[in-house]
Amino acid sequence: MSEAEPPESTLSTLQPDPAWDAESHAAAVDALATDGLTFRIWGGDWCGDCRQLLPALAAALEAAGVPDERIHAHAVEREDGEKVGEGMAEYGVELIPTVIVERGGEEIARFVESENRPIAEYLADAIDAAE
């Protein structure tokens, strides 16, 4: 990519993991399927943690039937050693992957890279707690 081109707005790491088993994660799928939730996902295809964690989240969102218009992927790039991407400052994103769940424009859950649980399970617990 030349410097004049804008960064990609899609993340190849958000391709669903075909090996992810929705039946084994039924509670997480149910929570993610909650009506009215919007998912904002920051990640980078260059990021090892994103490549490891985001395909399972994508599979969970797909299994939950979350429509594409409620999933906002924000590609993060590296420039001069810094992470840069749309909405990072506005949402206080420093580490990737970061996933924010909103209802009616209000944040109800946030997964940040440093959590030691799968994203879908972490968010499901946070969504259930917010209900």
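I count two residues as in contact when heavy atoms of theirs lie within 4.5 Å. The model I am reading is predicted.

**Entry 1: L32 and the core**

I started with L32 and left aside its neighbours within four places in sequence. The contacts that remain are L37, F39, A60, L61, A64, V66, A120, L123 and I127. L123 is on that list, and I met L123 again when I looked up the largest nonpolar core. That core has 39 residues, and L32 and L123 touch the most other members. I then noted which elements give two or more residues to this core: α1 (26-32), β1, α2 (48-63), α3 (88-91), β5 (98-103), β6 (106-112) and α4 (119-130). The most comes from α2, which gives eight residues.

**Entry 2: β1 and β2**

Next I followed β1 to its pairing with β2. Strand β2 covers residues 71-75 and runs parallel to β1, with five bridges joining the two. For one position I wrote down the partner: I41 is bridged to A73 in β2. Between the two strands the chain passes through α2, and I recorded this β-α-β crossover as right-handed.

**Entry 3: R40**

I looked at R40 because it is a charged-type entry on my list of residues to check in the model. R40 sits in strand β1, residues 37-43. Is R40 buried or exposed? I put R40 down as buried, because its relative accessibility is 17% and the cut-off is under 20%. The side chain of R40 makes a polar contact of 2.8 Å with the side chain of E102. E102 also appears among the contacts of R40 beyond four places in sequence, together with H72, H74, Y91, T98, V99 and I100.

**Entry 4: C47 and C50**

Last, I checked the cysteines. How many disulfides does the structure hold? I found zero. Why is C47 not bonded to C50? Their sulfurs are 3.1 Å apart, which is too far for a bond, because a disulfide needs the two sulfur atoms within 2.5 Å. From the side of C50 the reading agrees: C50 is in no disulfide, and the nearest cysteine sulfur is that of C47. I also looked up accessibility for both. C47 counts as buried at 7% relative accessibility, and C50 is buried with a relative accessible area of 0%.

Definitions and conventions. Residues are numbered from 1 along each chain as its sequence is written. This is a predicted model: local features need pLDDT of at least 70, side-chain atom pairs count only at pLDDT 80 or more; totals for chains, interfaces and linings use all residues. Side-chain values use heavy atoms; hydrogens and water are left out. Helices (H or I, at least four residues) and strands (E, at least two) are DSSP runs, numbered from the N terminus. Buried means under 20% relative accessible area, exposed over 50%, partly exposed in between (1.4 Å probe, protein chains only). A polar contact is a pair of N or O atoms within 3.5 Å; within protein, one must be able to donate a hydrogen and the other to accept it, and residues adjacent in sequence count only if both atoms are side-chain atoms. A nonpolar core is a set of buried Ala, Val, Leu, Ile, Met, Phe, Trp, Tyr and Cys residues joined through side-chain atoms within 4.5 Å. Two strands pair if DSSP finds at least two bridges between them. A crossover is right-handed if, with the strands pointing away from the viewer, the path from the first strand over the helix to the second runs clockwise.
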